[in-house]
Amino acid sequence: MIKKMVIALSLLTVLFPIMAYAEDPTGATLDMGLNSLWVMVAFVLVLLMQGGFILLEAGSTRMKNAGHVAGKTIFTAALATLMYWAVGYGIAFGGGSSLNAVIGWGDFLFNPSITAVEGDSYPSTVFFLFQLAFACVSLSIAWGGFAERAKLSSYIVFTIFFVGIIYPVVAHWIWGGGWLAEDGAQDFAGSTVVHLSGALAAFAATVLLKPRIGKFNKDGSANEIQGHNQVFTALSVLLLWVGWFGFNAGSTVAIGDGFFGYVAFNTMLGAGAGGVAALLISWAVTGKADITHMLNGTLAGLVAITASCAFVEPWAAVVIGLFAGVLVFFSVKFFEKIRVDDPIYALSVHGMAGIWGTLANGIFATQLLADKVGVGQGGLIDTGSVKQLWVQFESVVVAGAFVLAASFLVLGVMKAIMGFRVTEEQEIVGLDLSEHGAYGYPEQLKKPDASFKA
Amino acid sequence: MEDRWLAKMLNLIRLAGKPAELHSLRNEAQQYLKSHVQSLPIDQCYEQLNEVHDAVICRAITLAEAEMARLGMGAPPVPYAYLLFGSGGREEQTMSSDQDSGIVFSDGEGASSTRQYFSLLSERIVRNLLESGYPPCDGNVISSNAEWCLSIEEWKNRLEGWFNEPVWENVRYLLILADGRCVHGDQMLANELKSYFYKYVLNHSDIEKRMLENTIRHKILVGVFGQLLREPYGSEAGSLDIKYGAYIPMVNAIRLLSIQAGIPATSTLERLSELIKQGYLNDSDGNQYYAAFSQFLSLRLLTTSQLEHGWHTSNGKLAADKLDKAAISKLKGHLKAGKKLQQYVYKHTLSRLSQGGG
């Protein structure tokens, strides 16, 4: 037995000499490998958040649109991949142009080196994948404003412009060395870049599309259009919550000294506080402990802590989450009151909480953590200075105004040229049938009469 | 002046020859009372309205009896009492109330023919009342349902069954029975049934506990910040569910306290006065509850009503524009009082039960 093993090992050593003669890897290589692995894991987690968006959007809308909602999320992620590879990445992170403060230029049809370049802490491939997954999240947030009434073709057009230009420009300003980065704007994992951008695109869409049939009565009062599966919606929040650890903790893009753990820790606290606050406030105000509000609050806590997770102390993470939970509740009521139909609550969850999270840095960031991350400075409470708060405010207003204007332009032109909304008949029949020819739940829904077919 | 008009109407009702006539007289009387709601104190308003209802119902019954006689079934073979439950029992019917009713008759010889007679009679009464504009009870608590048309001995057996098996449905029936009131016929029979109920209910602490749970299950529609909890969505958005968010919770609470005190009155305001008089509620709390319930009673007359299958029905909801600022602030205070009453009933009942060793 032992003899056989010795022979086998000797043979293997002859066949694979490297095993016998390999040098120990250097510390830098190990470090690079670990970082790469971490960013890769984070990419997978963030990509999986698309599963969360499928369940969130499908669960919050009606059965007749479920197949469409789910399928289009996968399709637009596929299209976004191509667009980001061809154009978007080059605008967000392509360096070296004379206009670098405003826009990146280079690395179009991105052709990365096959391994990490000497001195890099990870290969550009994993960075690309990670950034792509962020762009896809922002895009899926925008779909909240399209839900249940936009033509499939409008999804294609908007994906091209949003992932090709609009999102990458904001990402460049804040993360790609653009002018807001120069000013020291703190947005660790994208309360503004990802969430607010997506939410404002959703806002532009929902304003141009107008409310769904039956959402508002003639006298201005709102009707509740209930989602078809609250279990899906709850599961979606869990999936997103888990994915968020890739989103936030992964944004350290390094294993380093284990700081990613601190980021994850704050993320967890923010989410918990958001969920608790939203349930309690809905209970207190409406007399009912509303599940939808609680789920929105959990997500709002996550959105809000996204900008600040690396810059604040744990108590502040809790305060940020609590406030986000309350804010999202009143925000939902507010949008309903001004008769803006927000089927997935994207405007409140990602927009309002995104704004709050970004501003919260200006209040709660500590000098110590700002130095550690190397972006901006401490906020109002720690330093007594309003400088960071002003920078945060500036980044929200400028990035927000840009996304809003660009989205209105793209969607407005599209509406004028090719139309944006399906016909009333199609909307009533459901997009599953009108856009794809088959229901997501064929056994639960009957095909309508011929008279109703569009 | 008003009284004279009402007396004239009541007389006409008592002489009406057929249900259609009753219907139009009832509508006329309601129209008149509606226009006088503002000028009358609310308890008088309900009193007059329920006098009209009682008169219509009694006439519908005597018309049915006459019809039975005409068909050769003769007069009622034994004494009986026609009972009203629900708002009718509490003398709190609105302009649009449905039929909740039952019959109790004496035990006598010829049980099966007696049953036959009352079964046919109750059918005719219910039909006459339908034609006079009273929709049937959703829960089928109605005299034409054999379960609610029994001899006094059968009633007692049935009650015993309910007492021995306190599932939610039986507890609901017992609470319905507590509001029972004889509107026509032999008052003694009704009294016998009610005193049987009172005698046993207080000896069953498990029943009392279940009654408590049933009694406080409707939440009063005022939030922790003292705000009104309005309908959030739909065509009724902004309106307030006065029936189930204010009126019924108080009716329930006062009923349970009255059952515990052995007070036989069925009208909520009368029950309240008795509870105060007998010292079960102190004067200041009691008067607060009295004022609160009076406002709920008047708001209840303003709730949205519609015509459904030719019957006036109300969804019990008060539209937002029916309340001005002063009324809202008064209402908030009264809803808080209602909440306080619910808490009092809860604590009071639990301490009673723990003292009783139950």
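In this predicted model, helix α3 of chain B, covering residues 42–70, lies across two strands, β1 and β4 of chain B. Relative to β4(B), the helix runs at about 40°.

Those two strands belong to an open sheet. Strands of a sheet are held in pairs by backbone hydrogen bonds, and the pairing can be parallel or antiparallel. Here the sheet has four strands, and reading across chain B the order goes β3-β2-β1-β4, with mixed pairing. On the edges sit β3 (149–151) and β4 (181–185) of chain B, each of which pairs on one side only. The sheet isn't flat-out aligned, either: neighbouring strands are turned by 30° against each other on average, direction ignored.

Back to the strands under the topic of the helix: β1 of chain B spans residues 80–84 and is joined to β4(B) by four bridges. This pair runs antiparallel. To pick out one spot along it, B:Ala81 stands opposite B:Gly185, a residue in β4(B).

Over in chain A, the thing to look at is on the surface. A:Phe75, A:Ile156, A:Ile160, A:Phe161 and A:Ile165 together make a nonpolar patch of about 380 Å². Helix α6 of chain A (residues 152–175) supplies the largest share of that patch, with four residues. One residue of this helix is A:Ile160. Its relative accessibility is 32%, so A:Ile160 counts as partly exposed; that label covers the range between buried, under 20%, and exposed, over 50%.

Methods:
Residues numbered from 1 in each chain as written. Chains lettered and ligands numbered in written order. Predicted model: local features only at pLDDT ≥ 70, side-chain atom pairs only at ≥ 80, totals over all residues. Heavy atoms only, no water. Pairing = 2+ DSSP bridges. Axes fitted to C-alpha atoms, helices over the stretch in contact; angles between N-to-C directions. Contact = heavy atoms within 4.5 Å. Patch = residues over 30% accessible without salt bridge, like charges linked within 9 Å, V, L, I, M, F, W, Y side chains within 5 Å. Areas by Shrake-Rupley, 256 points an atom, 1.4 Å probe, with all protein chains shown as cover. Salt bridge = Lys/Arg side-chain N within 4 Å of Asp/Glu carboxyl O. Buried < 20%, exposed > 50% of the residue type's maximum accessible area, 1.4 Å probe, protein only.
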